[in-house]
Every structure is written in structure tokens, then in C-alpha cells.
Amino acid sequence: MSFITDIIADRFRDKSFDIAKQDYKFMKIKRAKEEIKKKYPNIELIDMGIGEPDLPADKNVVDLLSKEAPKPENRWYSDNGIKEFQEAAAKYLERVYGVTNINPYTEIMHGIGAKSILSMMPLCFINPGDITLTTLPSYPIISTHTKYLGGVVYGLPLTKSNDFYPDFSNISNIILYRSKLLYINYPNNPTGQIATRDFYKRVVEFAHKNRVMVVADSTYAPITFDGVEPISFLSIDGAKEIGVEIHSLSKAFNMTGWRLAFIAGNEAAINIYGIVKANSDSGQFRAIQKAGIYALNHTEITKENCKRYSRRFDLLIKALKEIGFDIEKPKATFYCYLPIPKGTKSGKIFRNADDFSLYLLNEALICTVPWNFPESYVRLSVTFEAKDYEDEKRIINELKKRLLKLELVF
Ligand SMILES: Cc1ncc(COP(=O)(O)O)c(C=O)c1O
């Protein structure tokens, strides 16, 4: 056998790594999904497990990329990004969130997706033994990289009794003393909870008091429904002094595969991010950044998505309530967070969310994503494939029929 496996860094031998577990979870679901598709090739699988928009990018965005891609002046490394994208991002923050105090050249920088930006934050701030505070459940990237660097991750559970907000009052002084980063993500994946101005004010206060830098992951910020206005963390007084906010084009503009996002806020943080970034990648393709500018200038693309997700939620939440689930329509994101039932009338007991999720897949061909900690929930996404509104109604009806047949006990 090759010696290569022997020399892989010790950190990857630690089985507690979030990313390993996370990958394992998604791999397990993917495998189970493939098996079930093979077993029942003629029965439609209702896939509510997908965390990506169901539609491709807007036609004008695609056309602009086609136009820009062959231009010789776009072929260069873009390094830390083109100025025009930074300017468009600043205007976007103003137009959508009313944020006016951001300098596009010193307080905004692009990234090859929010994931990439998050992965670089610990390298900017974490020394061995330093702590990253993160809400749980969480998008795991900032935690994974904190651990790579010998840092420690301290979880702030998002529970129903806390309305899916972190409780800062429970963190001991010893933890606070060593904490450097606080990761928050609202509107939240997977709970669907939104930030309020009050909550963000408390975060700003907490960060100032404890000298912790806030990383507000606002990947889903503009995806809101029913008159809920999108909020930016940066719109709160004092936020820029203690934090940064990450915006992504992935979900808002159906551009997951395009890899384009930006970080905005504290100048010192953006500066150090720029140093790490310049030593990690050479920037996103200029033609993609130019297509991204078109998207940022056309927020009606996001609004169309919101309309589609909202009407799908209206159908889905009504059906789930009629079946007996205790659930309300989320105000944002394309996820709803469903508490697991106790079991079925036939005697099946669900010990945790994995159990329930696998049961749904095997017995009803419905794909979901489970979370066991801090509470047992499954996540359903309304980004399932459907041709039109009629098809959406048909799929939700089918989902309801299948769930009713399971005779769930709550
Ligand atoms: C909370 C959260 N942050 C960041 C990302 C990654 O976004 P991007 O595609 O910009 O890397 C995701 C993707 O699922 C996410 O759910």
C-alpha cells in the first residue's frame, strides 16, 4: 500500500470533524436515494432534500456571460476582483437593505462563493486555542477550518424554546475570554428563522462588549415572503465596527455553480481576508463577475424566486398541518424545519431524525435532510423540480397522500 495515507495530517484522523460527519450524512442520504430510485424506477421520488434553486440563472445573466467570456480583456487573473463588481455590490446593499456607509473599494471584496469566504475567516483570526462561536445546527465551514487551525468551536444551540436564536447569556466568561469569532446565519439554514433588528442589535452589543468579530452569513437574506423586508446586519448602528457580512449570488440569483459572493463590512477584516484570498486563489473569472453585476442590478430575479417559493410553501405547509405536523410557514429561505413525529400507528418508533428521514425515503419515496442536534428535525426544501404551478399542486398532493398512508403518530 502507498505511504500516502500514512502521511495525511493528523487532523483528518479525528473522527469528530464536522465536515466528515456532514459529508457522511449527505453521502448516506445520496446513497439511500440512489438505491431507492433503482428499486422503484417507475415511482416518482419527491426530492425535498435539495439545497439549491430549481431553476437555472436568468437568461440575461447567461447571455451576458456568453458575450463577456470570449473578450480578450476578461481573460486575466482577476486577483481580488474587479472594481465594477465592488461598486455594484455597494449599490446592491443600498438598494435592497438601505446600507449606505460601505466604501466599495476598501470595505467590499468578492469571493468564489460564500463557502470560500467562510473557509478563509479562521485563517485570518484564529490561533491555536482560540474559540469560534457558532449557532447549531450550522453551515459547518467556519467551524471546520477553525478546527484545522487548532482552534475550538463552541456551539450555541438553536432550539424551538429559544425561537431559534442563540442565547448569549449562557456563555461562561472563560469561553468568552477566548472567543474571537461569532458565526450567525439569518435567514437561517435549516430552521428558516429570520433575524429581527432587535436580535441584530443584541448581537452588535454582545460583540462590542466581548471583543468578538461577527461573521453574518446572509446567503439567504433577500429570500423573504409575505411582506417581510430583507434585513442586513450592516444596517445596524455599530455593526461595521465589529463585523462583516457575506452575501452570495448562489441562492438569490440561481447561480450556485457560478461561484460568486462578496464580503462587506469592517475594513481591517476585509484587508486581512484580501491577503489570505490572494494567497489562496486568483479571483473569479471576470466575465462571471460582469454577469454577476447584471444580476445584482436586477433584483426582480430574486423577487420572482420568492414568489415561486412562497406559493409552494403555502401548499406544503397547509398539507403538513392537515397531516398533523406542528409547523408554520417560514418567513424566509426555501427551507422549512419539521419536528419529527413520535412514530407510526403500526408501531414504528422514530428514535431520531435520521430514522424518520430514512423511513420517509424508503416507505414514501420522499427525500429530506435530517438534523439530530440540538433537536430532532428534518429539513424540507421547496426547490423540488416542478414544471409549473399545476405540477407543484400535484406534487404536494402526492406528498400529502403518501404521508397520510404512513399513519404518523405525533
Ligand atoms: C448558510 C449557508 N451559507 C453559505 C452557503 C454557501 O453558499 P455559496 O454557494 O455562496 O458558497 C450555503 C449553501 O448551502 C448555506 O446554506
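Here are a few short exercises on the structure above, each with a worked solution.

The model is predicted, so local features need pLDDT of at least 70 and side-chain atom pairs count only at pLDDT 80 or more, while totals for chains, interfaces and linings use all residues. Residues are numbered from 1 along each chain as its sequence is written, and side-chain values use heavy atoms, leaving out hydrogens and water.

**Exercise 1. Two domains**

Describe how domain 1 and domain 2 meet, and find which element gives the largest share of the side of domain 1 that touches domain 2.

Solution.
- Start with the bounds, which come from an automatic or database domain assignment: domain 1 covers 15–56 + 301–405, and domain 2 covers 59–298.
- Next, count the residues in contact (heavy atoms within 4.5 Å): 33 come from domain 1 and 36 from domain 2.
- The C-alpha centres of the two domains are 27 Å apart.
- Now the area. The size of an interface is often given as the accessible area lost when the parts come together. Buried area is taken with a 1.4 Å probe and summed over both parts; between domain 1 and domain 2 it is about 3000 Å², with 64% given by carbon and sulfur atoms.
- Then look for polar contacts, meaning a pair of N or O atoms within 3.5 Å; within protein, one must be able to donate a hydrogen and the other to accept it, and residues adjacent in sequence count only if both atoms are side-chain atoms. The interface has 13 residue pairs of this kind, both residues being at pLDDT 80 or more.
- Finally, the elements: helix H2 (18–39), H13, strand E9 (335–339) and strand E13 (377–381) each give two or more residues to the side of domain 1 that touches domain 2. H13 gives the largest share, seven residues. Helices here are DSSP runs (H or I) of at least four residues and strands (E) of at least two, numbered from the N terminus.

**Exercise 2. The span of a helix**

Compare the reach of H13 with its expected span.

Solution.
- H13 runs over residues 300–323, which is 24 residues.
- The expected span is 1.5 Å times one less than the number of residues, and for H13 this is 34 Å.
- From first C-alpha to last, H13 reaches 35 Å, close to that expectation.
- Just after H13 comes Gly 324, with a positive phi near 125°.

**Exercise 3. Salt bridges**

Find how many salt bridges the whole structure holds, and how many lie between domain 1 and domain 2.

Solution.
- Apply the rule: a side-chain nitrogen of Lys or Arg within 4 Å of a carboxyl oxygen of Asp or Glu.
- The whole structure gives 24, and the count between domain 1 and domain 2 is one.
- Two examples to inspect: Lys 329 pairs with Asp 226, their closest N and O atoms lying 3.0 Å apart, and Lys 37 pairs with Glu 34 at 3.9 Å.
- Lys 37 and Glu 34 are separated by about one helical turn because they are three residues apart in helix H2.

**Exercise 4. Backbone exceptions**

Locate the cis peptide bond that joins Tyr 186 to a proline, and the loop that holds Arg 259.

Solution.
- Keep the background in mind: most residues other than glycine have a negative phi, and most peptide bonds are trans.
- Tyr 186 is joined to Pro 187 by a cis bond with omega about -10°. Pro 187 sits in the loop between strand E5 (179–184) and helix H8 (197–210).
- Another cis bond joins Phe 373 and Pro 374, with omega about 0°.
- Arg 259, although not a glycine, has a positive phi of about 65°; its loop lies between helix H10 (249–252) and strand E8 (261–265).

Definitions and conventions
Buried area is the accessible area (1.4 Å probe) that two parts lose on being put together, summed over both.
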